[in-house]
Amino acid sequence: MTTEQKQYIKELRHFFPVYGSAERRFYTDIKGSITDYLESNPQALRDDLIREFGVPSQIVFDYFSNIESDQLLKKLKRSRYIRTACFAIVSAFCVFAVVGLITWRIAYMNYTNSKINSTETTIEPIEK
């Protein structure tokens with residue numbers, strides 16, 4: 001498979017806004033069809049793939065045009081919630097990490113400032 005052919009398949013995968021089991025099945029089927037076509041036409045260029053299968057964005061658009069809108073909205077909402085939750089978790093982790101590092105730095109500075117670096121000892125003679 002040439003890089004041009006791999007790029008076509010990669011573009012096809014890239015255009016899916018959500019990637020659930022139904023989309024995975026459709027992608028596997030279309031990828032299998034493309035692979036079969038490339039086995040019979042190994043010198044096929046990107047233009048040949050577009051002529052045979054269509055533009056990747058149009059393939060995905062046609063797929064989503066044929067599924068129920070309620071199902072698509074449900075998948076899009078779920079993926080948005082997952083992205084938002086991941087962003088919140090990563091943000092919270094970063095905030096806690098920064099606060100922890102600042103706290104450790106302050107504790108270290110307090111320790112170094114309170115540590116006795118040198119002492120002065122005066123020895124006086126004892127009178128008898």
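How much of the accessible surface of the protein belongs to carbon and sulfur atoms? The share is 59%, out of an accessible surface of about 10,500 Å². The model is predicted. The protein has 5 helices and 0 strands. Its radius of gyration is 32 Å, whereas a compact globule of 128 residues would have one near 14 Å.

**Overall shape and fold**

- From the N terminus on, the order of elements is α-α-α-α-α.
- The C-alpha trace spans about 115 × 40 × 20 Å along the principal axes of the protein.
- Of the 128 residues, 19% count as buried.
- Take the contacts between residues at least 6 apart in sequence: 62% of them join residues at least 24 apart.

**Charge**

- The protein carries 17 positive and 15 negative charges.
- The mean positions of these two sets lie 6 Å apart.

**Nonpolar core**

- The largest nonpolar core holds 18 residues.
- Within this core, L12, F16, I34, L38, L49 and F64 touch the most other members.
- Helices α1 (3–14), α2 (21–40) and α4 (56–66) each supply at least two residues of the core.
- The largest share comes from α2, with 5 residues.
- Which residues does L38 touch, not counting residues up to four places away in sequence? They are M1, Q5, A44 and L49.
- L49, itself on the list of core residues that touch the most other members, is thus one of the partners of L38.

**K75 in helix α5**

- K75 sits in helix α5, which covers residues 69–114.
- Is K75 buried or exposed? K75 counts as buried because its relative accessible area is 14%, and the cut-off for buried is under 20%.
- Beyond its neighbours within four places in sequence, K75 is in contact with V18, A22 and E23.
- Of these partners, A22 and E23 fall within the range of α2 (21–40).

**S57 in helix α4**

- S57 belongs to helix α4.
- S57 has a relative accessibility of 31%, so this residue counts as partly exposed.
- S57 and F16 are 41 residues apart along the chain, yet their C-alpha atoms are separated by 8.6 Å.
- F16 is one of the core residues that touch the most other members.

**E52 in helix α3**

- E52 is found in helix α3, which runs over residues 46–53.
- The relative accessible area of E52 is 47%, so E52 is partly exposed; exposed would need over 50%.
- How far apart are the C-alpha atoms of E52 and W104? They are separated by 62 Å, with the two positions 52 residues apart along the chain as the sequence separation.
- W104 lies within the residue range of helix α5 (69–114).

How values were computed:
Residues numbered from 1 in each chain as written. Predicted model: local features only at pLDDT ≥ 70, side-chain atom pairs only at ≥ 80, totals over all residues. Heavy atoms only, no water. Core = buried A, V, L, I, M, F, W, Y, C linked by side-chain atoms within 4.5 Å. Buried < 20%, exposed > 50% of the residue type's maximum accessible area, 1.4 Å probe, protein only. Helix = DSSP H or I, 4+ residues; strand = E, 2+ residues; numbered from the N terminus. Contact = heavy atoms within 4.5 Å. Rg over C-alpha atoms; globule rule 2.2 N^0.38 Å. Areas by Shrake-Rupley, 256 points an atom, 1.4 Å probe, with all protein chains shown as cover. Lys, Arg positive; Asp, Glu negative; His and termini not counted. Charge placed at Lys NZ, Arg CZ, Asp CG, Glu CD.
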